[in-house]
Amino acid sequence: MAAVHKISEDFYEDSFILIALHSSLEDHSLVYALNLCLKSNLKRSKTDLDISKNISFPIFEWKDMVHDANWTLITNFSIKEEKAGQGGLFDNEPSYRTHYLVPEHKDVDYFLKVEMDEVDDCDLILKGILKIPKVITAYTVDNKNLKSKNNLIF
């Protein structure tokens, strides 16, 4: 009989802020704008976040040594091409399926996760993000009530 191990809620601390961003910018353009406005240094990670075999999300990370913080920008959706294979009229045409990192916030384009001990700069971060011309809106998300919080552990 194998032992079952579960991560308790005490093990995973909620010492991060989660900012939802609505923007029509591509991820690399948004990272460039964030780096300019927030004086950050987000860079593309060498590996993507793999939720399953066919679903992955690109990650941009920055370890801020001055403020002892970890910044992560991740897209909320991943579009994958699937083969129809049903023998119908559009058998040769590809179909696309959208997968969400946080399904309860399907309208959000990106999430910015900032892990730090003292989360007191949230208003400054939001003001900096809202200065970016192509960012429609940005706001904090209450991470305690998220059903898919486990997708944000990376």
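Of the 154 residues in the protein chain of this predicted model, 40% count as buried. The exposed surface of the chain amounts to about 10,400 Å², of which carbon and sulfur atoms supply 51%. The secondary structure consists of two helices and 10 strands. Read from the N terminus, these elements follow the order β-α-β-β-β-β-β-β-β-β-α-β. Among contacts in the chain with a separation of 6 or more, 62% join residues 24 or more positions apart.

Leu-73 offers a view of such packing at the level of one residue. This leucine belongs to strand β6, which spans residues 69-75. Its relative accessible area is 0%, and Leu-73 is therefore buried, since the term applies under 20%. Beyond its neighbours within four places in sequence, Leu-73 is in contact with Leu-21, Leu-30, Val-31, Leu-34, Leu-42, Pro-58, Ile-59, Phe-60, Tyr-110, Phe-111 and Leu-112. For one of these partners, Phe-111, the C-alpha atom lies 5.7 Å from that of Leu-73, although the two residues are 38 residues apart along the chain.

Leu-34, a contact partner of Leu-73, also leads to Ser-40. Ser-40 is located in the loop between α1 (27-38) and β2 (43-44). With a relative accessibility of 10%, Ser-40 counts as buried because this value is under 20%. The side chain of Ser-40 reaches the backbone oxygen of Leu-34 at 3.5 Å. Leaving aside neighbours within four places in sequence, the contacts of Ser-40 are with Leu-34, Asn-35 and Trp-62. Leu-34 thus appears in the contact lists of both Leu-73 and Ser-40.

Notes
Residues are numbered from 1 along each chain as its sequence is written. This is a predicted model: local features need pLDDT of at least 70, side-chain atom pairs count only at pLDDT 80 or more; totals for chains, interfaces and linings use all residues. Side-chain values use heavy atoms; hydrogens and water are left out. Helices (H or I, at least four residues) and strands (E, at least two) are DSSP runs, numbered from the N terminus. Buried means under 20% relative accessible area, exposed over 50%, partly exposed in between (1.4 Å probe, protein chains only). Contact means heavy atoms within 4.5 Å. Accessible areas come from the Shrake-Rupley method with a 1.4 Å probe; for residues, only the protein chains shown count as cover. A polar contact is a pair of N or O atoms within 3.5 Å; within protein, one must be able to donate a hydrogen and the other to accept it, and residues adjacent in sequence count only if both atoms are side-chain atoms.
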